[in-house]
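Me: I have a protein model open and would like to learn how to read its features one at a time. Could you take me through them, giving the general idea and then the case here?

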Amino acid sequence: DGNKSGETYFDLMITTASTNLNYGSSNGALSDYKESVNGIHAGVSFQAGITSKFSLVSELYYIRKGGELTANNPLTEKKTILRLNAFEIPVLARFHFGKFFMNAGPSLAYNFSGKRKIEDVSTAISFKNEAGAFNRLDAGVQIGAGYMFPIKQKRLALDIRYCYGLSNISYDKEMLNRGLIISVHFSSPWKTN
């Protein structure tokens with residue numbers, strides 16, 4: 001029944017995210033040298049049930065993003081790994097089809113620290129407006145799908161999401177975040193009147 005109110009959940013989540021970087025017009029030349037990096041993804045997720053078919057989902061989490069270029073690449077020549085530590089807030093529309101659901105919506109991230117490792121030398125990255133530095137704010141969109149496994153009065157939800165960065169995170173190059181987040185949520189529904 002589409003008029004029936006949906007279920008509301010508040011979840012804690014700790015999972016991993018696989019991220020890489022898109023280099024804009026240089027991406028094609030770098031595609032053979034790009035590697036994904038895995039990082040932690042931990043925070044909270046709130047699903048507000050509007051109807052049985054539609055929910056709004058808001059999340060706040062820490063995520064470690066970045067990417068790797070292998071040696072002899074056209075951009076840096078040396079093996080380079082970039083890591084960004086960020087807090088991210090997506091706001092998603094979630095459409096329910098029985099136990100299956102689909103998500104889509106915008107996200108905003110704040111990069112609070114990071115490191116660049118070239119060969120074996122690791123340095124903290126700068127967020128000043130200068131060459132070689134990075135932007136703190138990163139906007140994007142997320143889209144994905146998932147499945148809910150009911151377990152007595154609780155639920156286990158598997159959520160797979162692709163994150164598509166829209167803003168350039170570098171001051172002097174084209175660099176946009178890309179990522180795949182696979183998360184598992186285990187929770188009880190909030191009691192509503």
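Me: Which residues is Q47 in contact with, leaving aside its neighbours within four places in sequence?

Reply: Contact means that heavy atoms lie within 4.5 Å. By that test, and with neighbours within four places in sequence set aside, Q47 is in contact with E7, T8, Y9, S55, L56, V57, R94, H96 and R155. Bear in mind that this is a predicted model, in which local features need pLDDT of at least 70 and side-chain atom pairs count only at pLDDT 80 or more, while totals for chains, interfaces and linings use all residues. Residues are numbered from 1 along each chain as its sequence is written, and side-chain values use heavy atoms, with hydrogens and water left out.

Me: In which strand does Q47 lie, and does Q47 count as buried or exposed?

Reply: Helices (H or I, at least four residues) and strands (E, at least two) are DSSP runs, numbered from the N terminus. Q47 lies in strand β3, which covers residues 37-49. Buried means under 20% relative accessible area, exposed means over 50%, and partly exposed is in between, with a 1.4 Å probe and protein chains only. Q47 counts as buried because its relative accessibility is 3%.

Me: What does the side chain of Q47 reach?

Reply: A polar contact is a pair of N or O atoms within 3.5 Å; within protein, one must be able to donate a hydrogen and the other to accept it, and residues adjacent in sequence count only if both atoms are side-chain atoms. The side chain of Q47 reaches the backbone oxygen of E7 at 3.0 Å.

Me: How would I read T80 in the same manner?

Reply: Begin with its place: T80 is found in strand β5, residues 80-97, and T80 counts as buried because its relative accessibility is 10%. The side chain of T80 makes a polar contact with the side chain of T76 at 3.1 Å, and it also reaches the backbone oxygen of K78 at 3.0 Å. Not counting residues up to four places away in sequence, T80 touches G67, E68, L69, R116, K117 and I118.

Me: How many salt bridges does the structure hold?

Reply: A salt bridge is a side-chain nitrogen of Lys or Arg within 4 Å of a carboxyl oxygen of Asp or Glu. The structure holds 7 salt bridges. In one of them, the side chains of D138 and K65 meet at 3.5 Å, N to O. This pair links distant parts of the chain, since D138 is in strand β8 (residues 137-151) and K65 is in strand β4 (residues 54-69), 73 residues apart. D138 counts as buried because its relative accessibility is 2%, and K65 counts as buried because its value is 6%.

Me: Which residue forms a salt bridge with E68?

Reply: K79 forms a salt bridge with E68, and their closest N and O atoms are 3.8 Å apart. This pair too links distant parts of the chain, with K79 in the loop between β4 and β5 and E68 in strand β4, 11 residues apart. K79 counts as partly exposed because its relative accessibility is 35%, whereas E68 is buried, with a relative accessible area of 16%.

Me: Which residues do salt bridges that share partners join into one network?

Reply: Start from D159 and R161, whose side chains meet in a salt bridge at 3.0 Å, N to O. Salt bridges that share partners join E59, R94, D159 and R161 into one network.

Me: How should I read the empty spaces, and how much space lies in the largest pocket?

Reply: On a 1 Å grid over the protein atoms alone, a cavity is a set of points where a 1.4 Å probe fits but cannot get out, and a pocket is an open set with protein on both sides within 12 Å along at least five of seven lines; lining residues have an atom within 4 Å of a point. Grid points are joined across faces, edges and corners, and a volume is the space filled by probe spheres set on the points. About 110 Å³ of space lies in the largest cavity, which is lined by 16 residues, with K65, E88, C163, G165 and N177 nearest its centre. The largest pocket holds about 450 Å³ of space. Of the 21 residues that line this pocket, the closest to its centre are E7, Y9, H96, G98 and M148.
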